[in-house]
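Biologist: I have a model open on my screen and I'd like to learn how to read it. Could you walk me through a few features?

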Amino acid sequence: MAIRKDANTLTTSERQELTSAILELKRRGIYDQFVLRHANANMRAIHRSPAFLPWHRRYLWDFERELQRVSGNPDLGLPYWNWPEGGSGASMWDDDLLGGDGHPVSQVVSSGPFRSGQWTVINSSGQPAGPLTRAFGRESWATELPALQEILDVLSITPYDAAPWNESVTQSFRNQLEGFRGPNLHNRGHGWVGGSMLPMTSPNDPVFFMNHCMVDKIWHEWQIRFPRQGYLPASGGPFGQNLNDPMDSTPATPIDRRPIDVLLSSNLNIEYDAVFPGTGQDQNQTVELSTNGTLVDGNISSTGEIDLYHFDVTDFNTYVAETSGASDTVMTLFGPDDHTLQIALNDDGGENFNSRISQSLPAGRYFISIRLFDNSATGSYQIRVNTESSDNPVIPQLEVNGPATDAEITNPREIDLFRFSAQSSGVYSIETSGSTDTFMTVFGPDSETLQIATDDDSGFLRNARLQLQLQPGEYFVRIRHYSNTGTGAYQIQVSQSN
């Protein structure tokens, strides 16, 4: 899975990979096609209207896939422009990423990979139109970038949108984020950069994609904060703006082009590296499920509604979550102890059109979201969680200072669990090897839920490695792929230093 990161946090190699991919798209003429797709769209169909957010989410997703294709890296993610930390002195404007401000008079950019002589912008007819230009903070209405508190204020607004579905509506999250009411977030990003970022050909400046990635991140977090606040209008709005309408200037493949097709970031394998303060699922708003098979009544009473549940696992086991009834449900499982880390998604794995997930789970709290396949429908259902006692898995034991154990992540979002015994106090090394990009979490002593440490790439290549001072006891190691869509074989080994 592509992890979208704050542009300022990209490593040197990540910056080089991203800029090389953008330059390659430009060389092949693909980048300019994205500029024209935005420039020649019906402006009011993709701005100043409810489809502003889903249209640009799909647009970014398509662009990100092209970056992944030409780079050969399926995990390359678009970075976002973190406005509060992204002023003119931020590292994202260094010469190895975006380059800096334009000339005080001509506004021409003369530094970085998109400098004059290296990068040529196009007009709405696709013809060359000179060098890239910027004028940081020189528009009277955009002298400063949005502050964190302004973002948090907009994140508190509901509903998603309201009639008359345009730039005049005040109580609208979409309109406040777009910038025609409230603190002016998205629009101010364009205005602060100025120059080539002002007209409809604004994708000529690669920072356009980072600006809109920030916009999408804020929408993503709003959806986490208000899971029961669906997209509006579901129907009855202008054509092209309703939940199931095709969006203007959007290809029908590889996914469909309606707002409903891009509402869930998890379905698009979109993940962000961090969230703003206050973003997180309120566990008091989730319904608790037992793991003994007790049925709980559920009801999607309004279009676009998502019902939320949680259940607690105390012992490593195989658990089955399933719905029953006449409604066509879609189930998503998250965890452990993280309502944003998706483990599995299912549509019709149960009887009729019900959803069913069977998964081996280590100890922790897990979260389930239920929606209907048709987001414009309503209906009741029942849900339960049970153990598959006959399939009780055995936690593999790792031998300290013994040979490496072969293992494999065979399914996306799989979490492998191991245990080892520390017989004496000392420094223990737990590490993976192989070509799979592993992520490691260690728990203990004598607890599957007391987290000690995590690691991503401290080992050779993209392997995980931890060196820990441990007391005697039983320890547990969880291994997953860094990408939520990745699979692959690896080896794991534990050793104690003398």
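Modeller: Let's start with exposure: buried means under 20% relative accessible area, exposed over 50%, and partly exposed in between, using a 1.4 Å probe and protein chains only. Arg 48 comes out at 24%, so it counts as partly exposed. Bear in mind that this is a predicted model, where local features need pLDDT of at least 70 and side-chain atom pairs count only at pLDDT 80 or more, while totals for chains, interfaces and linings use all residues. Residues are numbered from 1 along each chain as its sequence is written, and side-chain values use heavy atoms, with hydrogens and water left out.

Biologist: Where does Arg 48 lie, and what is its phi near?

Modeller: On phi, the general idea is that most residues other than glycine have a negative value, and most peptide bonds are trans. Arg 48 has a positive phi, near 55°, and lies in the loop between helix 3 (43-46) and helix 4 (52-71). Helices here are DSSP runs of H or I with at least four residues, strands are runs of E with at least two, and both are numbered from the N terminus. Leu 461 also has a positive phi, about 55°, though it is not a glycine. You'll find Leu 461 in the loop between strand 18 and strand 19 (465-470), and with a relative accessible area of 58% it is exposed.

Biologist: And which peptide bond leading to Pro 159 is cis?

Modeller: That's the bond from Thr 158, with omega near 0°. Pro 159 sits in the loop between helix 5 (148-155) and helix 6 (173-178). The bond from Leu 232 to Pro 233 is cis as well, with omega near 10°; Pro 233 is in the loop between helix 8 (207-225) and strand 4 (270-272).

Biologist: Now sheets. In what order do the strands of the open sheet with strand 15 run?

Modeller: Two strands pair if DSSP finds at least two bridges between them. Four strands form this open sheet, in the order 15-20-17-18, with antiparallel pairing. Strand 15 (415-422) and strand 18 (451-455) each have a single partner strand, so one side of each is left without a neighbour in the sheet. Four bridges join strand 17 (residues 438-443) to strand 18, and Val 442 stands opposite Ala 453 in strand 18.

Biologist: What about the sheet in the order 14-21-16-19?

Modeller: It is an open sheet of four strands, paired antiparallel. Strand 14 (405-409) and strand 19 are its edges, each pairing on one side only. Inside it, six bridges join strand 16 (residues 426-433) to strand 21 (residues 488-496), and Ile 430 has Val 494 as its bridge partner in strand 21.

Biologist: Last one: what does Asp 338 touch?

Modeller: Contact means heavy atoms within 4.5 Å. Not counting residues up to four places away in sequence, Asp 338 touches Arg 365 and Phe 367. Asp 338 is found in the loop between strand 9 (329-334) and strand 10 (342-346), and is partly exposed at 29%. The C-alpha atoms of Asp 338 and Lys 5 are separated by 19 Å, although the two residues are 333 apart along the chain.
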